[in-house]
Amino acid sequence: MHENGWYYNACPNPNCGKKLNMNTGGYDCTKHGVVDPIQKYILKFDIEDNTATARASAFEEVASTLMKKRWN
Ligand SMILES: [Zn+2]
């Protein structure tokens, strides 16, 4: 974990996204030099997992409602 906690400053270039080092000139990408940082979330995958789980249980609820209708 870093001082920023939830996110870190990353290179905004597509297919790069390297973590930037702050220096006197600003945020520095080892490939692209000084860039305007974007924030990347460290817990991205955890959030995606939670969303997937929430969706799965929502589907399950709809499915069981449909089943009840069919049985009644
Ligand atoms: Zn870069």
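Trainee: Leaving aside neighbours within four places in sequence, which residues are in contact with glutamine 39?
Mentor: This is a predicted model, where local features need pLDDT (the predictor's confidence in each residue, from 0 to 100) of at least 70, side-chain atom pairs count only at pLDDT 80 or more, and totals for chains, interfaces and linings use all residues. Residues are numbered from 1 along each chain as its sequence is written. Two residues are in contact if their C-beta atoms, placed from the backbone, lie within 7 Å. With its neighbours within four places in sequence left aside, glutamine 39 is in contact with Tyr7 and Asn9.

Trainee: In which strand is glutamine 39 found?
Mentor: Helices (H or I, at least four residues) and strands (E, at least two) are DSSP runs, numbered from the N terminus. By that assignment, glutamine 39 belongs to residues 38-41, which is strand S5.

Trainee: Is glutamine 39 buried or exposed?
Mentor: A residue is buried if 20 or more other C-beta atoms lie within 10 Å of its own, exposed if 12 or fewer, and partly exposed in between, with C-beta atoms placed from the backbone. Glutamine 39 has 11 other C-beta atoms within 10 Å, so the class is exposed.

Trainee: How many Å separate the C-alpha atoms of tyrosine 7 and tyrosine 41?
Mentor: Tyrosine 7 is in strand S1. With 14 C-beta neighbours inside 10 Å, tyrosine 7 counts as partly exposed. Tyrosine 41 is 34 residues away from tyrosine 7 along the chain, yet the C-alpha separation of the two is 4.1 Å.

Trainee: And how many Å separate the C-alpha atoms of tyrosine 8 and tyrosine 41?
Mentor: Tyrosine 8 also has its place in strand S1. Tyrosine 8 is partly exposed because 17 other C-beta atoms lie within 10 Å. Along the chain, tyrosine 8 and tyrosine 41 are 33 residues apart, while the separation of their C-alpha atoms is 6.6 Å.

Trainee: What share of the contacts with a separation of 6 or more comes from residues 24 or more positions apart?
Mentor: One pair separated by such a stretch of chain is glutamine 39 and cysteine 11, 28 residues apart, with their C-alpha atoms separated by 8.7 Å. For the protein, among contacts with a separation of 6 or more, the share from residues 24 or more positions apart is 33%.

Trainee: What is the order of the strands in the open sheet?
Mentor: Two strands pair if DSSP finds at least two bridges between them. S2 and S3 pair in the antiparallel sense over three bridges, and three bridges also join strand S3 (residues 26-29) to S4, again antiparallel. The open sheet of three strands therefore has antiparallel pairing and the order S2-S3-S4.

Trainee: Which strands are at the edges of this sheet, and by how many degrees are neighbouring strands turned on average?
Mentor: S2 and strand S4 (33-35) each pair on one side only, which makes them the edge strands. Axes are lines fitted to C-alpha atoms, for helices over the stretch in contact, and angles run from 0 to 180 degrees between N-to-C directions. With direction ignored, the average turn between neighbouring strands of this sheet is 50 degrees.

Trainee: How many residues lie in the hairpin that joins S3 to S4?
Mentor: The bridges on this side include aspartate 28 opposite valine 34 in S4, and cysteine 29 with its partner glycine 33 in S4. The hairpin passes from S3 to S4 through a number of residues equal to three.

Trainee: Which residue is the bridge partner of asparagine 23 in S3?
Mentor: S2 and S3 form a hairpin with two residues between them. Across this pair, asparagine 23 has as its bridge partner in S3 glycine 26.

Trainee: What is the value of phi at asparagine 15?
Mentor: Asparagine 15 is in the loop between strand S1 (7-10) and strand S2 (21-23). With 5 C-beta neighbours inside 10 Å, asparagine 15 counts as exposed. Phi is positive here in a residue other than glycine, near 65 degrees.

Trainee: Which element of the protein has the lowest mean pLDDT?
Mentor: The protein has a mean pLDDT of 75, with 50% of its residues at 70 or more. Where pLDDT is low, the predicted coordinates should not be read in detail. S4 has the highest mean among the elements (95), and the lowest (60) is that of residues 44-71, helix H1.
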